[in-house]
Amino acid sequence: NDTRVAGIVTTNPAYVLNEEQSGTKVCIALVGRVPCKVIGRVKKGDLLTTSNIPGHAIVAINPTLGSIIGKSLVDKLNGETGIIEVAVGRA
């Protein structure tokens with residue numbers, strides 16, 4: 001439930017803001033369908049938040065304002081780490 005998170009990093013952005021800026025560039029998904037690394041079981045429609053493993057999300061049990069990074073679009077039935085499709089900006 002970390003509210004300091006900026007969002008989900010995307011490797012295939014449709015549009016890159018501030019493309020002319022120098023330095024390290026990381027594209028954050030602002031809206032759309034994005035692959036997301038998750039840990040544990042996830043049901044379609046679950047809200048996702050940060051986990052204790054950097055770069056991975058978990059199901060938000062008691063979400064706090066500003067901690068939701070997206071909504072699951074699929075079921076993931078095993079408890080292992082995996083990648084699922086998430087809706088960003090429409091949760």
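Begin by selecting C36 and displaying its sulfur: the closest cysteine sulfur, in C27, lies 16 Å away, which is too far for a bond. A disulfide is defined here as a pair of cysteine sulfur atoms within 2.5 Å, and a search of the whole structure finds zero of them. C27 is accordingly in no disulfide, its nearest cysteine sulfur being that of C36.

The model is predicted; local features need pLDDT of at least 70, side-chain atom pairs count only at pLDDT 80 or more, and totals for chains, interfaces and linings use all residues. Residues are numbered from 1 along each chain as its sequence is written, and side-chain values use heavy atoms, with hydrogens and water left out.

**The two cysteines**

Keep both cysteines selected and compare their exposure. The classes rest on relative accessible area: buried is under 20%, exposed is over 50%, and partly exposed is in between, with a 1.4 Å probe and protein chains only. C36 counts as buried because its relative accessibility is 6%. C27 counts as partly exposed because its value is 21%.

C36 is found in strand β1. Strands (E, at least two residues) and helices (H or I, at least four residues) are DSSP runs numbered from the N terminus. Next, show the surroundings of C36, with contact meaning heavy atoms within 4.5 Å. Leaving aside neighbours within four places in sequence, C36 is in contact with I8, A57, I69, G82, I83, I84 and V86. For a distance across the fold, draw a line between the C-alpha atoms of C36 and L48: these residues are twelve apart along the chain, and the separation is 9.7 Å.

**The nonpolar core**

Extend the selection to I8, A29, V34, C36, V38, V42, L48, A57, I69, I84, V86 and V88, the twelve residues of the largest nonpolar core. Such a core is a set of buried Ala, Val, Leu, Ile, Met, Phe, Trp, Tyr and Cys residues joined through side-chain atoms within 4.5 Å. Strands β1 (32-39) and β5 (81-88) each supply at least two residues of this core.

**The strands**

Switch to a cartoon representation. The secondary structure comes to zero helices and five strands, in the pattern β-β-β-β-β along the sequence. The protein is as compact as a globular protein of its length, because its radius of gyration is 13 Å, close to the 12 Å that the globule rule gives for 91 residues. That radius is taken over C-alpha atoms, and the rule is 2.2 Å times the number of residues to the power 0.38.

Two strands are said to pair if DSSP finds at least two bridges between them. Select β1 and β5, which run antiparallel and are joined by eight bridges. Within this pair, T81 in β5 is the bridge partner of I39.

Move to strand β2 (residues 47-50) and strand β3 (residues 57-59), which pair in the antiparallel sense over three bridges. L48 stands opposite V59 in β3. The hairpin of β2 and β3 has six residues between the strands, and G55 there takes a positive phi near 85°.

Strand β2 also pairs with strand β4 (residues 70-72), in the antiparallel sense over two bridges; K71 in β4 is the bridge partner of L47. Strand β4 in turn pairs with β5, again antiparallel and over two bridges.

**S72 in β4**

Centre the view on S72, which is placed in strand β4 and has V86 in β5 as its bridge partner. Is S72 buried or exposed? S72 counts as buried, because its relative accessibility is 2%. Not counting residues up to four places away in sequence, S72 touches V42, K43, K44, G45, D46, L48, I84 and E85. By contrast, a line from the C-alpha atom of S72 to that of N62, ten residues apart along the chain, spans 16 Å.

**N18, before β1**

Now select N18, in the segment before β1. Most residues other than glycine have a negative phi. N18 has a positive phi of about 55° although it is not a glycine. N18 counts as exposed because its relative accessibility is 52%.

**The whole molecule**

Finally, zoom out to the full C-alpha trace, which spans about 40 × 25 × 25 Å along its principal axes. Buried residues make up 29% of the 91 residues. Of the contacts with a separation of 6 or more, 54% are between residues 24 or more positions apart.
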